[in-house]
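Biologist: I would like a close look at one part of this model, the ligand site. After that, take me through the interior.

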Amino acid sequence: MNGIKIRGTGRGVPGKIVTNRDLERIVETSDEWITARTGIKTRHQCAGEETFSAMAAASARGALVEAGISPEEIGACIVATATAETLVPSAACALQRELGLPQDIPCFDLNAACTGFLFALHTMECLLNASPRKFGLVVGAENLSRVVDWTDRGTCILFGDGAGAAVVECQEGWPSICAVLGCCGNDELLHLSGVESGGHSYLAMEGTRVFKFAVEAVPWCVEQVLGKTGRTVEDVDFFVFHQANARIIDLAARKCRIPPEKYYKNIQEYGNTSAASIPLVLSELREQGRVSPGSRVLAVGFGGGLTWGGCLIEFA
Ligand code: UT7
């Protein structure tokens, strides 16, 4: 199988910012507790015209511009999300119309919760191998502020809204991203109801149990991807982990002996944006010039499902 590389990244983030101090007025919490336990200081929130669709489109446009690719060249579009504005049409179909993507390509949404972006990258690699077009658009977008229970201090302080996107390219002879993906059906640890529920549904999470799962899953995924690709920590330029909790990221990095200059956190600004968190990091790394063509990034995600995954992806 021919591999994919990232050609361009982009992000769409609403302007409204909710600080920890703002949350102190809504639930019994404190800036000190949130900062110490999670590393989060602020999160962005959709409001007014800054909707899910607007964020997703902004991130996709940014990625197309950075890649120097026109919408007609895209061979498939996947939006990783669990909080799309509508189930039908999918967010990817809405993007097809908004961006003027070709009509003879697959556009669909994919839900693997916080691991969604990595499930989507792997799916895109498979699709582009079977497509005459060589570029794909992968978006991770979430409007989590719509589904959190604003009376539950255990969850409402964690999540934020945002979108990140990548334009990827597939070429003969490029190495596969060697995705390692998995799931284990569990609706106790993290749950968000769908259409069957009747009333309004809120995201429910057993945080401490998810934390324990995550600190095991991240190092395991790192090890699996390194094993599958025959690489070592030294061969990887940057490690990008799902931004769920700064403590999870630091613990996992320490376990894997990853030096601090080789991983990155932006959870302090965005909180946990689920499927958007990994592409948001990728787009910031690119913007800051910390990754460039040839850079190798090992990305790991974990979350509801339960799901987990990792891959090694290069920048074109
Ligand atoms: O992206 C999907 C994957 N999600 C995750 O990876 C989330 C993983 N979990 C976590 O990040 C952490 O478990 C949390 C940040 C959610 C919670 O941190 P914790 O250290 O596991 O705290 P806890 O739930 O064990 O609660 C400790 C105490 C409790 O009080 P008592 O029972 O000891 O008196 C909570 O009621 O902290 C209390 N607490 C709070 N206090 C102030 C819980 N939330 C808050 C809050 N402010 N917001």
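Which polar backbone atom lies 2.9 Å from a nitrogen atom of the ligand, and in which residue?

Modeller: This is a predicted model. The backbone atom belongs to Gly207, and its distance to a ligand nitrogen is 2.9 Å. Side chains take part too. His242 places a polar side-chain atom 2.9 Å from an oxygen atom of the ligand. Asn245 does likewise, at 2.7 Å from a ligand oxygen. In total 23 residues surround the ligand. Those that come nearest are Thr29, Arg37, His242, Asn245 and Asn272.

Now the interior. The largest nonpolar core holds 34 residues. Within this core, Ile4, Phe117, Leu121, Val168, Val240, Leu282 and Val297 touch the most other members. Helices and strands both feed it: α5 (116-129) and α10 (277-287) each give two or more residues, as do β1 (3-12), β4 (74-80), β7 (161-171), β11 (238-241), β12 (296-303) and β13 (305-315). The largest share, 7 residues, is from α5. A second core is separate and has 31 residues, among them Val180, Cys221, Phe241 and Ala252.

Take Val168 as a sample. Leaving out residues up to four places away in sequence, Val168 touches Ile4, Lys5, Ile6 and Arg7. Its contacts also include Leu121, Met124 and Leu128, plus Lys134, Phe135 and Gly136.

Helix α3 (residues 52-67) deserves a look. Its 16 residues should span 22 Å at 1.5 Å a residue, and the end C-alpha atoms are 23 Å apart, so the two agree. Buried positions in α3 are Phe52, Met55, Ala56, Ala57, Ser59, Ala60, Ala63, Leu64 and Ala67. Why would such spacing recur? An α-helix has 3.6 residues a turn, so residues three or four places apart point the same way. Among the elements covering the buried residues of α3 are β1, β4 and β7, along with α4 (91-99) and β6 (135-143). Just past the helix, Gly68 has a positive phi of about 70°.

Last, the cysteines. The disulfide count is 0. Cys156 is buried, at 0% relative accessibility. Its sulfur is 16 Å from the closest cysteine sulfur, that of Cys114, so the pair is too far apart for a bond. Cys170 is also buried, with a relative accessible area of 2%. The closest cysteine sulfur to that of Cys170 is in Cys126, 9.8 Å away, and therefore too far for a bond.

Notes
Residues are numbered from 1 along each chain as its sequence is written. This is a predicted model: local features need pLDDT of at least 70, side-chain atom pairs count only at pLDDT 80 or more; totals for chains, interfaces and linings use all residues. Side-chain values use heavy atoms; hydrogens and water are left out. A nonpolar core is a set of buried Ala, Val, Leu, Ile, Met, Phe, Trp, Tyr and Cys residues joined through side-chain atoms within 4.5 Å. Buried means under 20% relative accessible area, exposed over 50%, partly exposed in between (1.4 Å probe, protein chains only). Helices (H or I, at least four residues) and strands (E, at least two) are DSSP runs, numbered from the N terminus. Contact means heavy atoms within 4.5 Å. A disulfide is a pair of cysteine sulfur atoms within 2.5 Å. The expected span of a helix is 1.5 Å times one less than its number of residues. A residue is near a molecule or strand if one of its heavy atoms lies within 4 Å of it. A polar contact is a pair of N or O atoms within 3.5 Å; within protein, one must be able to donate a hydrogen and the other to accept it, and residues adjacent in sequence count only if both atoms are side-chain atoms.
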